[in-house]
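Here are a few short exercises, each with a solution worked out in steps. Keep the structure open beside you and try each task before reading on.

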Amino acid sequence: MDITLFDVEQIAKDIFNLSVEVKPLNGYDEMNFLLTTDAGKKYVLKIAPETIHPLLIQMQYEMTKQLSGSSLKNNFQEYIPGKNGEAIVPFEIKGEKVVIRLLTFLEGDFWVNTTQKTDSLFESMGNFLGKMDKALSGYYHPAAERHYLWDISNASDAERNLHFIKDDEKRRVAGYFLLQFNTEVQPVLSDLRHACIHGDANDYNILVKGSKVAGLIDFGDAVYSALINNLAIACTYAMLHQDDPIANAALIVKGYHEVNPLEEREIDLLYYLIAARLCISVTQSARQSVMNSDNEHHFLSELPAWKLLFQLLQTNPVKATNSFRLACRFPNIIHSDDNYKNIRDARYEHIGRNLSISYKQPLKIIKGTLQYLYDDKGNTYIDCVNNVSHAGHCHPTVVKATQRQIAILNTNTRYLSDLMIDYSKRLTAKLPSELSVCYFTNSGSEANDLAIRIARHFTKQKDIIVLDHAYHGTSTLAIEMSPYKFDGRGGSGRQPYIHKAISPDLYRGPFQYGDKDAGKKYADDVLRILQELKSENKKPAAFICETLLGVGGQIPLPEDYLEKVYEYVRSFDGICIADEVQVGFGRVGKTFWGFELQEVIPDMVVLGKPIGNGHPLAVVVMTEKLANTFNNGMEYFNTFGGNPVSMATGLAVLDVIENERMQQHALETGEKLIDGLKRLMTKHSIISDVRGTGLFVGAELVKDRTTKEPAVPEIDEVVERMKDRGYLLSTDGPLHNVLKIKPPLVFNEENAKGLVRNLDEVLNELNY
C-alpha cells in the first residue's frame with residue numbers, strides 16, 4: 001500500500017480526532033505506525049489490507065477484550081474507538097480498501113533488546129504465558145480455525161520450501177527436523193489439548209520491564225492450534241542468542257507450569273516443536289530471499305534461528321526433554337547410573353557370544369542424526385567411524401524415499417521394475433563404460449562372494465590372490481580370503497587356494513615413504529605369486545583388494561601399485577576385482593571411486609555399506625563379457641537383492657551425494673582434518689603417521705617412532721577418553737594401533753576441528 005506519513009496524520013485526525021507526529025514501525029502483513037500527540041501520549045495505528053479477512057481482525061479484538069478481564073488486563077493493548085464509536089474502522093484510501101485500528105501503546109523494552117536476561121526473567125515469561133493461556137481458556141472464534149503457515153501444527157508444509165535453502169548443510173538439517181516433526185509429532189498432534197492461542201510470542205512482541213515480562217503485542221498470528229505450540233513459540237525466540245538455550249527454555253517451562261499445568265505428553269514433544277518452528281522460519285526466510293524481498297521483517301531472525309537449529313542438532317533430545325520434565329517435576333527419564341546389566345545379560349543369553357560391543361562402558365544409542373548419535377543418558381556423540389551411514393544417519397531424503405517405496409511395493413526381481421533399471425543406469429554412469437552390468441545383493445560380504453564365484457566360473461580356476469591383513473566379509477568364502485580373520489584368533493588358517501601378497505604399507509612395509517618405485521616393488525610380490533602358480537600349472541581366478549586398505553590399517557595404495565598388479569594379473573588371465581565397499585561413493589574426495597586414484601579400470605567392482613546408507617544393499621558391477629559368461633543356464637536369483645525398496649533407497653543416496661556435493665565436501669573437510677592431525681604429530685610423539693584422503697583417514701600410534709612399537713594399550717585409552725568427550729573413534733590395523741576415522745560424509749569442518757582439539761587435549765592429559 002502506498003500510504004504516506006501525511007496520509008496517516010489525516011487518518012488520525014479525521015477518524016480519531018488526534019493531532020499527532022507519525023513514525024513508521026516494522027510489520028509483516030500490516031502497516032504499523034507510532035503516533036505521538038503534542039502531550040506525549042503514544043498510540044499504535046494499524047492499517048490492514050483487504051487481503052486480511054475481517055473475521056480475523058474481529059477475532060484479535062475479541063481476544064484482547066477477553067484478556068482485559070484477567071489479571072493481565074494492563075499487559076495488553078486496548079482498542080481506542082473512533083469518532084463513530086467503532087474500534088474496527090473500514091476505510092478506503094487511494095482507491096484501496098483497508099481496515100484501521102488504533103491501540104494503546106505499551107511501555108517496555110522488547111525482549112530482543114534486553115541485554116540482561118536473568119533466570120527470573122525467563123521464568124516470568126513462562127508465568128506470563130501461562131496466565132494468558134489460562135485466561136483465554138474456553139475462548140473460541142471460528143476464524144481461528146485456519147490453515148496458517150506459521151502454525152507449528154502445519155510445519156510439514158515447510159518441506160515445500162526446503163529447495164529455497166541453497167546451503168547444502170542447512171537444507172539437510174532443516175529437512176531432518178521436519179522429518180522428525182512428521183515422525184514424532186504429527187501422529188499424536190490431534191490428541192493434544194487445543195485452544196485459541198496468540199501464536200507469535202516472539203522476541204519483537206514480548207515487552208520487558210526490569211526482570212519481568214510486562215506485555216505482549218500483535219495478535220495477528222492468533223490461531224486455533226495445539227496449546228503447547230504457544231509455549232513452544234515463546235521458547236523458540238527466547239532461546240535465540242543463548243549459550244545454553246535448553247536451560248533457558250526449561251525456566252520458561254517452569255514458570256508456565258506453575259500457573260497453567262502442562263501434560264507430560266506435551267512436554268515430551270516440546271524439543272521437536274521448537275525445532276519445527278525454527279524450520280518454518282528459516283524456510284520462509286529462504287523463500288523471501290529468492291523472491292528478492294526488501295522487507296527486513298522477513299529476515300530478522302534468520303541468522304540466530306540457524307544457529308539455534310544447529311545447537312538443537314547437537315543436543316540430545318532426551319537431555320532436552322528431561323530438562324523440561326524436571327522443570328515441571330515430572331519423573332526423570334534419564335538413569336545415569338544404569339550399567340545396562342539387564343540388557344547385557346539378555347544379549348548374552350539370546351545373542352551369539354562373539355558379537356562384540358564397543359567401549360568399556362557400552363553405549364545404548366537410541367537415535368541417529370546425520371553425523372550425531374544420541375544415547376539414552378542424554379549424551380551426544382559425533383560419529384567418526386560409521387561409514388555405513390554414508391550420507392548421514394536418518395538423512396531426510398533417503399528416509400523419505402525408503403518410506404515412500406515400502407508403502408507402495410516391495411517384492412523380488414522376477415517382476416519388471418523401472419526402479420531397477422533406473423538405478424542400474426545411474427550407478428553405471430558413475431563408472432567407466434566398460435563396467436556396465438549389475439548383480440544386486442544385500443551385503444558387501446555377499447557381493448564379494450558372488451564376485452569370486454563369477455571370476456572362478458569365467459577363468460575355470462580356483463586360486464585367489466589377496467593382500468595380507470585384508471578383510472572382505474563374513475561369508476564362508478569371504479572369511480577364507482580374509483587374512484584378518486583366518487590368521488587371527490579362532491581362524492582356521494590359510495586355505496591352499498588363497499595366496500597372500502605383501503600389504504603395500506608405506507609406513508611399516510619393506511618399501512616405505514620416499515621410495516618412488518615402492519608401488520612397483522609391492523606389485524612384484526603379486527607377480528611372484530603368479531609365477532609360483534604357473535610353476536604348478538595353475539592360473540589365478542582373481543586378484544581382489546580394497547582400493548584403499550581399511551582393516552589393513554587405513555592405508556592408501558602406493559602410486560602405480562594397481563596399474564602394475566592389474567597388468568600382471570591380466571597377463572596370467574586372471575580377473576581384477578576392486579573392493580569399494582569401504583571407500584566408494586566420493587569418500588576419498590579427489591575421485592568418486594578409490595580405484596580412480598590409481599588410474600585403473602577393474603574387471604569387477606564390489607559395492608556395499610554406503611550404497612544404501614545403512615539399508616542392506618550391495619552390488620557387483622562387471623564387464624558385459626563377464627556377465628555373459630556367467631549366464632550359463634543356471635539362474636541367478638536373490639530374494640532381496642535389487643528389490644524396489646533397495647533400488648529407491650540407492651537412487652536417493654546417489655541424489656544426495658550429487659545434489660549436496662558430498663564428494664567435494666569430503667575432499668575439503670578431509671584436507672582440514674588431515675592437516676590438523678599432522679600438526680599434532682609435531683606435538684605428540686605417539687602419533688607416528690597420518691594418512692588417507694578425503695574422509696578416509698588413519699593415524700598410527702606408536703610407543704617409539706624409531707622401533708615403531710605399537711601403542712597398545714595406549715590407543716585404547718585414547719579411544720575411551722575421546723568417547724567421554726563425545727567423539728566415537730575406533731582402532732584398526734594388523735597391530736590394532738591405528739585410529740580409524742571414517743565418518744558420515746556430513747561430518748563438517750567444525751567437527752574436524754573439535755576432533756583435533758580434543759585429541760590434542762587427551763594426549764596432553766596422558767602425557768603422550
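**Exercise 1: Thr-104 and its strand**

Locate Thr-104 among the strands and find what its side chain reaches.

*Solution.* Start with the strand: Thr-104 belongs to β5, which covers residues 96–104. Bear in mind as you look that this is a predicted model. Next, follow the side chain of Thr-104, which comes to 2.9 Å from the backbone nitrogen of Glu-78. Finally, set aside residues up to four places away in sequence; Thr-104 then touches Tyr-43, Gln-77, Glu-78 and Ile-80.

**Exercise 2: The five-stranded sheet**

Work out the order of the strands in the open sheet of five strands, then find which strands lie at its edges.

*Solution.* Step one is the order, which reads β1-β2-β3-β5-β4, with antiparallel pairing. Step two is the edges: β1 (20–25) and β4 (89–93) each pair on one side only, which makes them the edge strands. Step three is the twist, which averages 30° from one strand to the next.

Now zoom in on one pair. Strands β4 and β5 are joined in the antiparallel sense over five bridges. To see one of the partnerships, pick Phe-91; its bridge partner in β5 is Val-98.

Last, add the helix. Helix α1 (residues 5–16) packs on this sheet and touches β1, β2 (31–37), β3 (42–49), β4 and β5. The direction of α1 makes about 125° with that of β1.

**Exercise 3: Leu-278, buried or exposed?**

Decide whether Leu-278 is buried or exposed, and list its contacts beyond its sequence neighbours.

*Solution.* First, place the residue: Leu-278 sits in helix α8, residues 270–290. Second, apply the cut-off, where buried means under 20% relative accessible area. Leu-278 has 2% relative accessibility, so it counts as buried. Third, leave aside neighbours within four places in sequence; Leu-278 is in contact with Thr-236, Leu-240, Ala-305, Leu-308, Leu-309 and Leu-312.

**Exercise 4: The buried residues of α23**

Find the buried residues of helix α23 and say what covers them.

*Solution.* Begin with the helix itself, residues 714–724: the buried ones are Glu-714, Ile-715, Val-718, Val-719, Glu-720, Met-722 and Lys-723. A rule of thumb helps in reading such a list: an α-helix has 3.6 residues a turn, so residues three or four places apart point the same way. Then look around α23: the elements covering its buried residues include β13 (380–383), β24 (696–701), β27 (738–741) and α24 (749–765). To finish, move past the helix to Gly-726, which follows α23 and has a positive phi, near 95°.

Note on methods:
Residues are numbered from 1 along each chain as its sequence is written. This is a predicted model: local features need pLDDT of at least 70, side-chain atom pairs count only at pLDDT 80 or more; totals for chains, interfaces and linings use all residues. Side-chain values use heavy atoms; hydrogens and water are left out. Helices (H or I, at least four residues) and strands (E, at least two) are DSSP runs, numbered from the N terminus. Buried means under 20% relative accessible area, exposed over 50%, partly exposed in between (1.4 Å probe, protein chains only). Contact means heavy atoms within 4.5 Å. A polar contact is a pair of N or O atoms within 3.5 Å; within protein, one must be able to donate a hydrogen and the other to accept it, and residues adjacent in sequence count only if both atoms are side-chain atoms. Two strands pair if DSSP finds at least two bridges between them. Axes are lines fitted to C-alpha atoms, for helices over the stretch in contact, and angles run from 0 to 180 degrees between N-to-C directions.
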